[in-house]
Amino acid sequence: MSGDRRNLSKKKQIGISVVIVGVYAVMRWMAKKHKEPAEIDSGNMYIRRNHGFGKRCPEPSTVYERSIKPALDRILSFTVLLVLLPLFAVVSLAIYIDDPGPVLFTQKRVGKGKKFFTLHKFRSMKMSTPHDVPTHQLENPEQYITKVGKVLRKTSLDELPQIWDIFRGKMSIIGPRPALWNQEDLVAEREKYGANNVMPGLTGWAQINGRDELEITEKARLDGEYTKKLKQGGIKALFFDLKCFFSTIKSVLESDGVVEGGTGKLHREAGKKKREHRKSEQSRTVKWEQIRIADEKEAGFEDYGYRKSFHIDYSVQRRILIIGAGSYIGEAFEAYAKKYYGSNFLIDTADTLDGSWRETDFGSYDVVFHVAGIAHADVGNVDEATKKKYYAVNTDLAIEAAGLAKAAGVGQFILMSSMIIYGASISFGKQEPIDEYTLPFPANFYGDSKWQADKGVRNLADMDFHVAVLRPPMIYGPGSKGNYPALAKLAKRLPVFPAVENKRSMLYIDNLCEFLCLLMLSGEGGVYFPQNGKYTNTCHMVQDIADTAWHPIRVTRLLNPAVIVASYIPGKIGGMVQKAFGNSIYDQKMSVYEGLNYQIKDLKASIAETEKYSRKAVDCNDSVV
């Protein structure tokens, strides 16, 4: 009896396989029969001999690009077409009911080698819409989009018929989005990077980094980055395609990047979009906070330090009062200043644990450096009393100290704010630098307590009272606490580590101290963003730490898929991935100040010094009996 069942099961499997193979054969026959019109390339200005668009010689294709990628495209597209057949039927019916007419929308697009092909989409716009006009060139494009079309565009379901274009070999799953036949500006920009010589895709690197929000030049540059990765071939090209694929899924789920009417506006409008995007990114974590987003005046745009020019007089002397005894930054600055600027500074410290600091004679000091504050904690698990304490110390204490300094005639007040006022790191796989048009938008009460102090002390500034606010990224160095020691511990223990490409702004403590010394000698106020001279990549930093500790570690992309999957897991796991591999950077433009040459040590040198201190600390502890 069991043998009969097995035979029946085998026959059933064989029958299903025969049906699938038959369907595949029929679809391949249909795809071959569905050729482009013979006249589609007549008048194609991009492939005319001696035309400016055709001067770049294509790079040779790799085995991955030539054979493996097309095979994967065909298999996946066939599978998806079978699975989504019911969805195609439902969407088609909804489109026809909403606005009677053809369900599919066809356009002439630029394919591989700048040859034209016919692209298919679900129709999302009314029958009265001009046919071959890009969305961003329509006047008030919103008026042309149907009700069903809005849903299709928001979810990217309008792109699904392009799976058929992939199956018939005119597109790939991953690649630069095919340009309209008349988008000469985009085709010309892509030609600079060789991006016209690869198969266009359903989604691509530019799509997940902004879609219609991007300017033409930026979109072409990102397409060039993808082309460069693809031309490398092998496992690198495969993993980059996988990265684009999974990032697209995440982007669709979050409804990112779909902005009707723009392929890039003026920088201020782009900054506004970035702020709104950052706000929406963080809204899931701050709904309960009721934190108000800042405006340009509050942010202090006009007082950003990179707009200033500094003249340093190394002969002057300053009396410095550090408010906040026992702080890592305060103690590091005092030690650095005494070592390298001993003849310039006389430094005292006031402890804020009791009220006696208020009796200090502020009038005898030239500079008050405020470092007192409560450090970042587990902000997701605190009561109202703890939140009030954060505001009392981080906000009220700072503003009170600035008020006392001003009343006593102090010339310069310096506050340590933080990058945290701009919210959490940008999601894994995305890049969105904080630039001169980015507004602060704290993600929680800790960030808001720092932001309120940032605003409050700057409101006290005038011609005689110069207020300088520093908004540094993560600070690390010998004896530092926080994320760096945790990462260093992993680097010295793990045998392997993911080779994820990310960027983070960081600031070595000696670079910060040099910046502070120069700023105090200048006596200037303003808003500053000190950081190291180059961005940090997490896996590169881990490798450097391991090398310094003589610990063998292998950095490999084989672990990247696991990181991608983990980034989608809600809660602490996803949060840890974002913290380790997310992108959090300041535009370097904002960190370069004419006359303040403070970036004295690079990442390798700073890690070597930090780990040297760490080994000494371990040796001292081991020697204690």
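What percentage of the 625 residues in the chain is buried? Buried residues make up 49%. The model is a predicted one. Its chain holds 20 helices and 14 strands.

**Fold and surface**
- Contacts here are counted between residues at least 6 apart in sequence, and 83% of them join residues at least 24 apart.
- The chain exposes about 30800 Å².
- Carbon and sulfur atoms supply 58% of that exposed area.

**Nonpolar cores**
- The largest nonpolar core has 71 residues.
- Within this core, F333 and F369 touch the most other members.
- Helix α16, residues 509-522, gives the core its largest share, with 10 residues.
- Leaving aside residues up to four places away in sequence, F333 touches I320, I322, I347 and F369.
- The list for F333 also includes C513, L516, C517 and M520.
- A second core of 21 residues is separate from the largest one.
- Among the members of this second core are L321, F362, L415 and F465.

**Cavities**
- Rolling a probe the size of a water molecule over the atoms reveals where empty space remains.
- The count comes to four cavities of 30 Å³ or more.
- The largest cavity holds about 60 Å³ of space.
- Its lining residues are V110, G111, P176, A179, R190, A195, N196, V198 and P200.
- By class, six residues of this lining are nonpolar, two are polar and one is charged.

Definitions and conventions:
Residues are numbered from 1 along each chain as its sequence is written. This is a predicted model: local features need pLDDT of at least 70, side-chain atom pairs count only at pLDDT 80 or more; totals for chains, interfaces and linings use all residues. Side-chain values use heavy atoms; hydrogens and water are left out. Helices (H or I, at least four residues) and strands (E, at least two) are DSSP runs, numbered from the N terminus. Buried means under 20% relative accessible area, exposed over 50%, partly exposed in between (1.4 Å probe, protein chains only). Contact means heavy atoms within 4.5 Å. Accessible areas come from the Shrake-Rupley method with a 1.4 Å probe; for residues, only the protein chains shown count as cover. On a 1 Å grid over the protein atoms alone, a cavity is a set of points where a 1.4 Å probe fits but cannot get out, and a pocket is an open set with protein on both sides within 12 Å along at least five of seven lines; lining residues have an atom within 4 Å of a point. Grid points are joined across faces, edges and corners, and a volume is the space filled by probe spheres set on the points. Ala, Val, Leu, Ile, Met, Phe, Trp, Tyr, Cys and Pro count as nonpolar, Asp, Glu, Lys and Arg as charged, and the others, Gly among them, as polar. A nonpolar core is a set of buried Ala, Val, Leu, Ile, Met, Phe, Trp, Tyr and Cys residues joined through side-chain atoms within 4.5 Å.
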